[in-house]
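User: I would like a close look at a single part of this protein: its pockets. Please take me through what lines them, and then turn to the aromatic rings.

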Amino acid sequence: MPDQDQNSRTGTVNSLVYNNVLSLTQAGTSTQYVLHPDAFILRNGVKVAASDLQIGDVVKARIYNNTVVFVEVTSLGQVNQAFDIQGTLNGTTVNSQGKITTISIIQNINGNNQTAIYNVSPDVALTGNLGSFTQGHLIQLKGQNQVVTQIDVK
């Protein structure tokens, strides 16, 4: 990539930041980077929290001592971006009403298992073999704008 040196990486955010891990896709390869807890993150010209980075954002990350210390969003993720992915269920979080609020899956990308976390719509459709909706089972997630609207248990 042009403008790339040993201390910077350019890529597309491919999952929400979780446990201070920034996951970027570069030339078809997904790589995870550790974010410094005080990393400076600019999105749309405004300093934001790591949790404000969106799937599809193109970023330039500066790295110091193997830790990302600065992230600049150079292109905002596409609005109305639909997704349809498969992986094995890693876990979920639920709210006080027992509704799923986030879902975590493990995907095998280029031989490496990677965890991705997605927000879940309050009116998500749960389909398929619901008795197998347990950790380690194959599921398919469909949605838009980083929000899961359908979970299909395989």
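Analyst: Keep in mind that this is a predicted model. Start with strand β9, residues 112-128. β9 gives the lining of the largest pocket its largest share, four residues. Other strands join in. β2 (21-26), β3 (29-43), β7 (82-94) and β8 (100-109) are among those that each supply at least two residues of this lining.

Now the pocket itself. The largest pocket has a volume of about 270 Å³. It is lined by 20 residues. Closest to its centre are Asn14, Ser15, Ile55, Ile85 and Tyr118. What classes of residue make up the lining of the largest pocket? Twelve are polar and eight are nonpolar. No charged residues appear there.

Next comes the second largest pocket, with a volume of about 210 Å³. Its lining has 14 residues. Tyr18, Thr93, Thr102, Ser104 and Ile117 lie nearest the centre. The strands β7, β8 and β9 each give two or more residues to this lining. Here β7 gives the most, with four residues. By class, the lining of the second largest pocket has nine polar residues, five nonpolar and no charged ones.

Now the rings. The whole structure holds two aromatic pairs. One is Phe40 with Phe70. Their ring centres are 6.0 Å apart, and their planes differ by 10°. Planes under 30 degrees apart count as stacked, so this pair is stacked. The two residues sit 30 apart in the chain, with Phe40 in strand β3 and Phe70 in strand β6 (residues 67-75). The pair therefore links distant parts of the chain.

Are these two rings buried, exposed or in between? Phe40 has 35% relative accessibility, so it counts as partly exposed. Phe70 has a relative accessible area of 25%, so it is partly exposed as well. The cut-offs matter here: buried means under 20%, and exposed means over 50%.

The other pair is Phe83 with Tyr118. It is stacked too, at 5.2 Å centre to centre and 20° between the planes. Phe83 lies in strand β7 and Tyr118 in strand β9. They are 35 residues apart, and the pair links distant parts of the chain. Both Phe83 and Tyr118 are buried.

Tyr118 brings the two topics together. Its ring stacks with that of Phe83, and Tyr118 is also among the residues closest to the centre of the largest pocket.

Note on methods. Residues numbered from 1 in each chain as written. Predicted model: local features only at pLDDT ≥ 70, side-chain atom pairs only at ≥ 80, totals over all residues. Heavy atoms only, no water. 1 Å grid on protein atoms, 1.4 Å probe; cavity = no way out; pocket = protein on both sides within 12 Å on 5 of 7 lines; lining within 4 Å. Points joined across faces, edges and corners; volume = space filled by probe spheres on them. Nonpolar A, V, L, I, M, F, W, Y, C, P; charged D, E, K, R; others polar. Phe/Tyr/Trp six-rings, centres within 6.5 Å; stacked < 30°, edge-to-face > 60°. Buried < 20%, exposed > 50% of the residue type's maximum accessible area, 1.4 Å probe, protein only.
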